[in-house]
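Let's take a look at some aromatic rings and a helix. Have the structure open while you read.

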Amino acid sequence: MQKKSYRRMRYLTHAAVIAALYVVLTWFSAIFGLSGMGAVQLRLAEALCVLPFFTAAAIPGVSIGCLLANLLTGAAVPDILFGTLATLIGAVGTYLLRRWRYLSALPPIVANTLIIPFVIRYAYVDVTESLPFLFFTVGLGEILSVGVLGTLLLLALEKHRAVFE
């Protein structure tokens, strides 16, 4: 019984730390104007979307982190809902592809590239860019934040994999 309680506490702790990191990194990105409604969004926190490669606790971690970050940065309600959903879909996809290290960044890139342009275009009245342009720019931001930075994070953490187990 005690071992099960320890595992549950460890899982919750990992999820909470990942959520907190997501919020802090989103604020850091916002300070430098990287995570807003600009042409290319580079939300540094999206690099954490590769963490389900190591632990299932990262699924609620990045999802709750995204939800909190969107709430705290004043995102529109559709952005809060669908942005969190896109992150959740990407995190689950990464967890399911954890056998293939270099494919683990693909689900968050695809989920966000397919969902977020619609959110940006229709949830924010001052956005006039076309959907194809938004697909391109969101996709580019995801490739940079998850594909490049996330993969670098994954490779750096891989030698410390035992921390997540």
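Rings of Phe, Tyr and Trp (its six-membered ring) count as a pair if their centres lie within 6.5 Å. This is a predicted model, and it holds three aromatic pairs. To describe a pair of aromatic rings, you give the distance of the centres and the angle of the planes.

Take F28 and F32: their ring centres are 5.0 Å apart and their planes sit at 65°, so this pair is edge-to-face. For that label, the planes have to be over 60 degrees apart. Then there's F53 with F54, where the centres are 5.0 Å apart and the planes at 90°, so this pair is edge-to-face.

How buried or exposed are these four rings' residues? Here are the values.

| Residue | Relative accessible area | State |
|---|---|---|
| F28 | 42% | partly exposed |
| F32 | 54% | exposed |
| F53 | 3% | buried |
| F54 | 8% | buried |

Another ring has a charge for company: R98 puts its charged end over the ring of Y95, 3.8 Å from the ring's centre.

Now for the helix. α2 runs over residues 58-72, which makes 15 residues. From first C-alpha to last, α2 reaches 20 Å, close to the 21 Å expected at 1.5 Å a residue. Plenty of names turn up on its buried list, including A58, I59, G61, V62 and C66. What covers the buried residues of α2? The cover includes α1 (2-31) and α3 (77-96). Just after α2 comes G74, with a positive phi of about 75°.

Methods:
Residues are numbered from 1 along each chain as its sequence is written. This is a predicted model: local features need pLDDT of at least 70, side-chain atom pairs count only at pLDDT 80 or more; totals for chains, interfaces and linings use all residues. Side-chain values use heavy atoms; hydrogens and water are left out. Rings of Phe, Tyr and Trp (its six-membered ring) pair if their centres lie within 6.5 Å; planes under 30 degrees apart count as stacked, over 60 as edge-to-face and the rest as tilted. Buried means under 20% relative accessible area, exposed over 50%, partly exposed in between (1.4 Å probe, protein chains only). A charge sits over a ring if NZ of Lys or CZ of Arg is within 6 Å of the ring centre and within 35 degrees of the ring normal. Helices (H or I, at least four residues) and strands (E, at least two) are DSSP runs, numbered from the N terminus. The expected span of a helix is 1.5 Å times one less than its number of residues. Contact means heavy atoms within 4.5 Å.
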